[in-house]
Amino acid sequence: MANELTYLAGNVIHNVKPLPPFCDVVCRFLDVFSSELLHDQSCKNYPDITAVAFWARKGNINKWKERTNLNELRLGRGVAFHITPSNIPVQFIFSYMFGLLAGNANIVRVTSKEFSQITLICDVLNKVLNMDEFSVIRSMTCIVRYPRESDYTKQFSEKCHVRLIWGGDETIAQIRQCPLPPRAIELVFPDRYSLAILSAEIVAEVGTNELCRLAQNFYNDTYLMDQNACSSPQLIVWQGEKDAIVYAKRKFWDAIKRLVVDQYDFPAIKATSKYLNFCVNAIKYPQTGQLVSSDNYLYRVQLEKLPVNCDELRGQFGLFYEYDSRELAELSLIVNEKYQTLTYYGVDKELLVKMVLHNQWLGIDRIVPMGRALDMDLLWDGYDFIREMSRIVDVR
């Protein structure tokens with residue numbers, strides 16, 4: 001049916017009573033949820049579910065509570081309505097946890113695509129929600145699935161106090177046609193573009209163990225999500241002298257190739273999709289250079305110059321665009337508000353911070369070490385989730 005609504009966890013939300021951020025019962029609930037995920041045999045087969053479990057554990061939540069450092073009296077805004085993406089299976093549960101930690105009841109719409117991760121997480125979530133001590137959390141939880149063309153997005157939008165839209169620019173434009181109540185706020189997470197910067201001199205000097213660690217970190221940032229995450233680097237910038245770059249590239253990519261062959265699930269459909277993507281980009285963007293590839297596992301395309309529309313050059317399944325740079329100031333030619341995450345290795349972090357501030361870039365919301373591109377935090381896309389999704393009660 002076109003308007004079929006399926007409840008995956010929780011149920012209809014009534015009588016919303018917001019909680020303070022980092023409420024004890026919420027923190028306890030997430031810790032138990034984390035433990036149940038880690039001990040579930042089926043969940044252990046999915047690294048992204050394990051990442052969810054580690055994020056929700058008590059130690060991590062306490063770290064974020066201390067870092068957020070709320071000194072004022074705050075309460076959740078009420079009901080948070082989350083429209084979550086179709087390309088990242090576990091994104092829905094992160095968004096739900098953010099809303100819960102901010103003190104809100106949560107209606108979460110998951111993708112219509114069938115992902116095992118969604119089913120497994122919701123099964124464990126229901127198990128914990130049905131524990132007597134978490135009845136208040138159960139009353140604040142509604143995880144649903146329904147077709148995009150149904151009217152439920154409009155209905156939920158009319159009743160929410162916060163709306164979060166995780167999706168492409170077109171999705172955001174479409175959903176914004178559904179009006180919000182006067183006091184409601186909206187957080188949007190549109191199409192973004194990310195890049196990585198590596199020091200050729202440092203990569204050239206690392207030993208075997210460090211090279212393996214670096215390769216695994218890059219793999220986790222990219223191949224682990226098929227480069228679908230907005231924070232996965234698409235452009236790889238090599239900083240240094242020409243000879244060092246040539247040597248560092250060969251050393252680095254050989255290590256990546258060995259790892260990919262050993263760990264990456266690579267069915268034929270990914271290979272054909274990647275080749276099609278490369279061909280389309282080669283036709284549309286003449287600044288792209290020759291394809292460097294010995295097989296289907298890894299495609300590298302050298303850029304002879306940085307095009308203004310560099311953020312349109314995207315890859316999947318192991319297609320990367322590279323640029324050799326002696327001066328990182330060149331990046332000012334391309335960085336715009338589409339840019340989100342800058343990962344780095346062997347480059348001075350403070351230099352990158354000064355570069356962002358000096359150039360007053362509209363883009364770059366995150367500067368993180370290589371291996372942490374996919375870390376979901378309570379600070380994302382320039383938003384502080386706890387402060388954005390809660391309200392101050394002014395007491396004088």
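Which residue in β12 is the bridge partner of W238? It is D324, and that pairing is a handy place to start a walk through this predicted model.

1. **Strand β12 and its partners.** W238 brings us to strand β9 (residues 233-239), which runs parallel to β12 and is joined to it by five bridges. Strand β11 (residues 299-303) also pairs with β12 in the parallel sense, here over four bridges. In that pairing, Y299 stands opposite L319 of β12. Do have a look at the burial of β12 (residues 319-325) too: six of its seven residues are buried, so the strand is largely enclosed by the rest of the structure.

2. **L328, in the loop that follows.** L328 sits in the loop between β12 and β13 (339-345). L328 is buried, since its relative accessible area of 5% falls under the 20% limit. Leaving aside neighbours within four places in sequence, L328 is in contact with I197, V237, Q239, V347, L352 and M355. W238 comes up again here: its C-alpha atom and that of L328 are separated by 9.3 Å, although the two residues are 90 apart along the chain.

3. **S199, in strand β8.** Strand β8 (residues 193-199) contains S199. At 6% relative accessibility, this serine counts as buried. Its contacts, again without neighbours within four places in sequence, are Q239, Y345, G346 and V347. Two of these names may look familiar: Q239 and V347 are also among the contacts of L328.

4. **The six-stranded sheet.** Now to an open sheet with mixed pairing, whose six strands come in the order β1-β5-β4-β3-β6-β7. Its edge strands, β1 (6-10) and β7 (185-189), each pair on one side only. On average, and with direction ignored, neighbouring strands of this sheet are turned by 15° against each other. Within the sheet, strand β3 (residues 79-83) and strand β6 (residues 162-166) pair in the parallel sense over four bridges. One pair to pick out on screen is I83 with its bridge partner I165 in β6.

5. **Helices on that sheet.** Helix α4 (residues 91-101) packs on the sheet and touches β3, β4 (105-110), β5 (141-145) and β6. The direction of α4 makes about 170° with that of β4. Helix α5 (residues 116-129) lies across β1, β4 and β5, and runs at about 50° to β1.

6. **How α2 meets α3.** Helix α2 (residues 47-56) and helix α3 (residues 58-68) have axes 5 Å apart and pack at an angle of about 55°. The two helices are therefore oblique to each other. On the α2 side the contact involves F54, W55 and A56, and on the α3 side K58, N60, I61 and W64. By class, this contact has five nonpolar residues, one polar and one charged.

7. **Two nonpolar cores.** How many residues does the largest nonpolar core have? The count is 77, and the residues with the most contacts inside this core are F29, F33, Y96, L101, I143 and F385. F33 is a good one to inspect: apart from neighbours within four places in sequence, F33 is in contact with V52, I93, M97, I121, V124, L125 and V128. There is also a second, separate core of 31 residues, which includes V203, A215, F266 and F320.

Key:
Residues are numbered from 1 along each chain as its sequence is written. This is a predicted model: local features need pLDDT of at least 70, side-chain atom pairs count only at pLDDT 80 or more; totals for chains, interfaces and linings use all residues. Side-chain values use heavy atoms; hydrogens and water are left out. Axes are lines fitted to C-alpha atoms, for helices over the stretch in contact, and angles run from 0 to 180 degrees between N-to-C directions. Angles under 35 degrees count as roughly parallel, over 145 as roughly antiparallel, 65 to 115 as roughly perpendicular and the rest as oblique. Contact means heavy atoms within 4.5 Å. Ala, Val, Leu, Ile, Met, Phe, Trp, Tyr, Cys and Pro count as nonpolar, Asp, Glu, Lys and Arg as charged, and the others, Gly among them, as polar. A nonpolar core is a set of buried Ala, Val, Leu, Ile, Met, Phe, Trp, Tyr and Cys residues joined through side-chain atoms within 4.5 Å. Buried means under 20% relative accessible area, exposed over 50%, partly exposed in between (1.4 Å probe, protein chains only). Two strands pair if DSSP finds at least two bridges between them.
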